[in-house]
Amino acid sequence: MRRSYTFLLRPTARQAAALTACLEDHRQLYNAALEHHRTAYAKAGVSIRYGDQSADLKHIRSGDPGGQGRWSFSSQQATLRRLDKAFAAFFDRVKAGRTPGFPRFKGRGRFDTVTWPKDGDGCRWDSQPEHPTATLVRLQGVGHVRVHRHRPVKGRVKTISVKREGNRWYVILSCDDVPAQPLPATGAAAGIDLGVASLVTTSDDEHLANPRHLAATADRLADAQRDLARKKRGSQRRRKAVARVAALHAQVRRQRLDHAHKAALALVAAYDVIVHEDLRIANMTRSASGTIERPGRNVAAKSGLNRSILDAGWGVFLTILSYKAESAGRELIAVNPADTSRTCARCGHCAKENRLTQAAFRCTACGHAAHADVNAAVNILRAGLALREAAEAA
Ligand SMILES: [Zn+2]
């Protein structure tokens, strides 16, 4: 199995300055390489290949030992490959007959990640020269940086990335060969409905609500974004407002991740089989039926923005759930969510009128009454189990 870990870094002031310089030099390298691409494309209509630029990199480094030469050759190559990918995608879209935007220069604050593609090459995870109890990551040109490693790392570290978020620094490890940790069978199966007030509602009538502090941060973020929209371009106040929005975005992301981990863990511990809506299909039906049909519940209607901030957690949650399910040996099934919210879980009668309000379901045929999300989750479970049976029979 493959998985990634994100840990907070605790750099010293000097290391933080070095990390900032490292990001800045990688950004300039990216922009210089992009300029090269643009010129070649504008003058001759040709595409420069990654190999050419990688060869140039040697000269750039030897000509600038105190600048670009300080950093890992491999991390710089990874930055060039990143640009190469952006161009490959650009030319693919051109070929497909579309008119894509040319890859853009990265402004300050728009380039936040540097990747070392191989542990041991310009970087070393868990390098311990003098602190036998602390976790440190060694980064070429920066030194041994302390890591707040809040959970053990399993498997083999493959790539190491450093990311800046506001004034915090994170290290992201991508690991291979992470051993699975199967959980004992429970004999239970559940359908789950994804919502706004409750991130997850199960067919067993459990509601894993979005935490209040997440809604509160989403509120503050919505306010901050409205505030930002009123600021004049290029002004000092606007720069401050931008920083505030970025910090709140980061906070929402952390809270959402944390909550998603906890909710996924609870589900995986309780059920052998978990059935969920296929989000790709769900998003299509949702946008087709408009957002009015599923307004926020305890989320004030004042901000569609606030709602969308909370909604965006579904994809993250399902990704985390799928990792945890795989590791625990649980079965995860995605089903088409069409009609799951308007079909009676007891008699199968399907009508829009079954749905009294956002939260209340009452069947117009048999009178079955339930929380609307629980009713939907039961339908989702049933659809998943039917799929499973069909697959076993085939
Ligand atoms: Zn019914």
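Here are a few worked exercises on the predicted model shown above.

This is a predicted model, where local features need pLDDT of at least 70, side-chain atom pairs count only at pLDDT 80 or more, and totals for chains, interfaces and linings use all residues. Residues are numbered from 1 along each chain as its sequence is written.

**Exercise 1. Get your bearings: how many helices and strands does the protein chain have?**

Start with the elements: helices (H or I, at least four residues) and strands (E, at least two) are DSSP runs, numbered from the N terminus. By that rule the protein chain has nine helices and 14 strands. Next, the extent: its C-alpha atoms fill a box of roughly 80 × 50 × 45 Å along the principal axes. Then burial: a residue is buried if 20 or more other C-beta atoms lie within 10 Å of its own, exposed if 12 or fewer, and partly exposed in between, with C-beta atoms placed from the backbone. Of the 394 residues, 29% count as buried.

**Exercise 2. Check the length of helix 3 (residues 73-95) against what its residue count predicts.**

The expected span of a helix is 1.5 Å times one less than its number of residues. Helix 3 has 23 residues, so it should span 33 Å, and its end C-alpha atoms are indeed 33 Å apart. Just after helix 3 comes Gly97, with a positive phi near 85 degrees. Now look at its buried side: Leu80, Leu83 and Asp84 are among the buried residues. The buried residues of helix 3 pack against helix 1 (13-44), helix 2 (50-63) and strand 2 (113-116); contact here takes C-beta atoms, placed from the backbone, within 7 Å.

**Exercise 3. Work out the order of the five-stranded open sheet and find its edges.**

Two strands pair if DSSP finds at least two bridges between them. Following the pairs gives the order 10-9-8-11-12, with mixed pairing. Strand 10 and strand 12 are the edges, as each pairs on one side only. Strand 8 and strand 9 pair in the antiparallel sense over three bridges, and a hairpin of three residues joins them. In that pair, Ile192 stands opposite Thr202 of strand 9. Strand 9 and strand 10 are also antiparallel, over three bridges, with Val200 opposite Leu208. Their hairpin has four residues between the strands, and Asp205 takes a positive phi near 70 degrees there. Strand 11 and strand 12, by contrast, run parallel over five bridges, where His276 has Ala334 as its bridge partner.

**Exercise 4. Why is strand 9 described as largely enclosed?**

Count its buried residues: five of the five qualify, so strand 9 is largely enclosed by the rest of the structure. For one neighbour, take helix 5 (residues 236-270), with 35 residues. The buried residues of helix 5 pack against strand 9, and also against helix 4 and helix 8, among others.

**Exercise 5. Which residues have the most contacts inside the largest nonpolar core?**

A nonpolar core is a set of buried Ala, Val, Leu, Ile, Met, Phe, Trp, Tyr and Cys residues joined through C-beta atoms within 7 Å. The largest has 33 residues, and Ile192, Ala263, Leu267, Phe317 and Ile380 have the most contacts inside it. Helix 9 gives the largest share, eight residues. Zooming in on Phe317, its contacts beyond four places in sequence are Leu199, Ala260, Ala263 and Ala264. Apart from this core lies another, of 27 residues, including Cys22, Phe111, Trp116 and Val171.

Technical notes: Contact = placed C-beta atoms within 7 Å.
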